[in-house]
Amino acid sequence: MSKNHEGIWESCLKVIKDNVSLQAYKTWFNPIVPVKLENNVLTIQVPSHFFYEWLEENYILLLKKVIQKEMGKEGRLEYSIIMENNTTKSTPYTVKLPALNSKNLKNAPISMPLDINEKQIRNPFIIPGLKKVNVDSNLNPSYSFDNFVEGDCNRLARASGYAVANKPGGTAFNPLLIYGGVGLGKTHLSHAIGISIKDQFPNKTVLYVGSEKFAHQFIDAIKNQTTNDFIHFYQMIDVLIIDDVQFFSGKEKTQDVFFHIFNHLHQNGKQIILTSDKPPVEMKGMEQRLVSRFKWGLSADLSAPALETRMAILEKKMYGNGIELPKDVTEYLAYSINTNVREMEGALNTLLAQASLNKKVITIELAKQMVDKFVKNTAREVSIEYIQKVVCDYFDLELEILKSKTRKREVVQARQISMYFSKIMTKSSLANIGAHCGGKDHATVLHACRTVRNLSETDKQFRAYLEDLEKKLTIQ
Ligand code: ADP
Ligand code: MG
């Protein structure tokens with residue numbers, strides 16, 4: 001009785017599981033789907049190019065062994081890769097793995113941005129006075145990999161960061177772009193990579209810089225007519241970490257200079273690590289040539305951690321600070337603050353401060369009080385309904401009229417104002433806001449927001465209304 005592709009792959013997985021760490025197993029083998037078995041060729045589907053490459057680099061020997069064990073000497077493996085190209089949705093394409101004995105991955109039959117120059121071209125411009133060793137890396141030692149808790153929310157980003165740290169400039173992940181919302185660990189992870197590189201390769205010049213600082217330095221350099229020095233300085237860095245690149249948006253000159261630095265570093269096999277609050281495709285106000293370079297390597301996202309991860313993070317922080325809290329208190333904190341890690345840490349610190357100031361024992365009741373205060377002050381989001389109610393009260397209008405189709409001037413204005421606040425204070429889409437305001441489409445909402453912004457710039461009285469309303473909406 002012979003097995004089908006699923007049966008074979010299942011047997012392979014059993015062996016693999018015994019030979020790799022649980023984390024590696026979850027990250028690299030769980031997502032694989034066996035697709036077919038034909039003429040002794042087992043085809044497995046992997047989610048991305050990156051995945052394929054990673055398997056090839058790290059698990060080729062293991063894969064070879066298990067395939068031969070399950071399928072005999074003639075057994076072959078093929079990959080089917082889901083294309084990450086967003087226009088052609090997940091069209092798999094296939095990569096043949098030559099005879100499963102290739103140790104030389106550089107001959108893998110696909111072109112990857114992997115082959116960076118082995119020989120490094122020396123930078124002829126290095127300023128003689130600037131000794132490499134003098135560059136302060138700006139790394140915060142507490143933002144290490146050890147202190148970074150792994151979870152589903154950060155698995156890919158963490159794993160690729162780890163790969164980059166072990167082989168800076170020598171992987172396909174160049175640049176490595178880590179993106180995600182506020183307080184989800186972008187800064188922490190980018191430091192962790194830098195710290196690990198410094199540990200393993202003390203001679204490499206690693207530099208962490210916030211994009212804001214980079215932009216300011218550049219402006220200073222223009223003022224002092226030292227732009228050449230500025231550029232040369234950045235061009236001699238081996239590992240450049242730029243945090244929050246979204247800050248470059250709209251700053252053309254800064255983007256230009258960064259573009260040149262980027263190219264220089266990249267061409268010379270230097271590692272670039274970037275963080276951003278959004279993926280490259282969504283970056284606005286950024287030059288296309290820069291965005292396209294951001295896409296060269298790997299973009300990995302950080303998302304909000306699940307409950308278990310949040311608890312693990314809290315426990316790690318407490319352990320690091322030599323604190324212990326009752327289990328129900330940590331659970332409560334992790335359960336009630338689910339927006340981002342920074343906020344959760346904030347709540348933990350406030351709780352500890354309160355407890356020590358007032359010499360109180362930390363109980364679940366105290367935790368509840370703190371979270372009530374804390375969450376109300378920060379993570380509260382007003383609803384569209386609430387905004388409409390406040391606006392109607394303010395202008396003394398009936399809610400029904402606001403939602404009706406009437407074109408009376410004062411109603412139109414109140415309606416536009418509530419759309420405007422709904423846009424800036426809630427996470428609702430334009431279409432959803434429109435639907436709440438008497439079935440308007442997204443273009444109408446967009447127009448309303450623009451009108452309100454224009455009026456607030458030109459009309460003093462109108463601006464006063466807005467400021468009043470904003471106060472009412474933020475203090476509850
Ligand atoms: P971002 O740069 O994305 O806004 P940060 O890197 O500043 O976020 O993270 C906010 C806080 O949350 C930091 O104190 C960081 O140490 C902590 N944090 C975030 N994610 C994790 C994690 N997975 N493990 C441990 N701490 C984390
Ligand atoms: Mg940050």
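Two strands pair here if DSSP finds at least two bridges between them. With that in hand, start at the sheet of this predicted model. Five strands form an open sheet, and their pairing is parallel. The order reads β6-β7-β8-β5-β9. Strands β6 (206-210) and β9 (298-302) are the edges, each pairing on one side only. From one strand to the next, the twist averages 15 degrees.

Now look at β8, which spans residues 271-276. In the sheet order, β8 sits between β7 and β5. Take the β5 side. Strand β5 covers residues 176-180 and pairs with β8 in the parallel sense over four bridges. Leu176 stands opposite Ile273 of β8.

Turn to the β7 side. Strand β7 (residues 239-243) runs parallel to β8, and four bridges join the two. Leu240 stands opposite Ile272 in β8. Ile242 stands opposite Leu274, also in β8. How does the chain get from β7 to β8? It crosses through helix α8 (residues 252-267). This β-α-β crossover is right-handed.

Next, ask about cover. Are the faces of β8 buried or exposed? In a regular strand the side chains alternate between the two faces of the sheet. On one side of β8 lie Gln271, Ile273 and Thr275. On the other lie Ile272, Leu274 and Ser276. Both sets are buried, and both faces are covered. That is six of six residues in the strand.

Move on to ligand 1. There are 18 residues around it. Val149, Gly183, Thr187, His188 and Arg342 come nearest. Several polar atoms are worth finding on screen. An oxygen atom of ligand 1 is 2.7 Å from a polar backbone atom of Gly183. At Thr187 the partner is in the side chain: an N or O atom there is 2.7 Å from an oxygen atom of the ligand. Asn154 also uses its side chain, with an N or O atom 3.4 Å from a nitrogen atom of ligand 1. On its own, ligand 1 has 560 Å² of accessible area, and the protein covers 94% of that.

Finish at Trp28. This residue is found in helix α2 (residues 22-29). Why does Trp28 count as buried? The cut-off for buried is under 20% relative accessible area. Trp28 counts as buried because its relative accessibility is 3%. Leu55 lies 27 residues from Trp28 along the chain, yet their C-alpha atoms are separated by 7.4 Å.

How values were computed:
Residues are numbered from 1 along each chain as its sequence is written. Chains are lettered from A and ligands numbered from 1 in the order in which they are written. This is a predicted model: local features need pLDDT of at least 70, side-chain atom pairs count only at pLDDT 80 or more; totals for chains, interfaces and linings use all residues. Side-chain values use heavy atoms; hydrogens and water are left out. Buried means under 20% relative accessible area, exposed over 50%, partly exposed in between (1.4 Å probe, protein chains only). A crossover is right-handed if, with the strands pointing away from the viewer, the path from the first strand over the helix to the second runs clockwise. A residue is near a molecule or strand if one of its heavy atoms lies within 4 Å of it. A polar contact is a pair of N or O atoms within 3.5 Å; within protein, one must be able to donate a hydrogen and the other to accept it, and residues adjacent in sequence count only if both atoms are side-chain atoms. Accessible areas come from the Shrake-Rupley method with a 1.4 Å probe; for residues, only the protein chains shown count as cover. Axes are lines fitted to C-alpha atoms, for helices over the stretch in contact, and angles run from 0 to 180 degrees between N-to-C directions.
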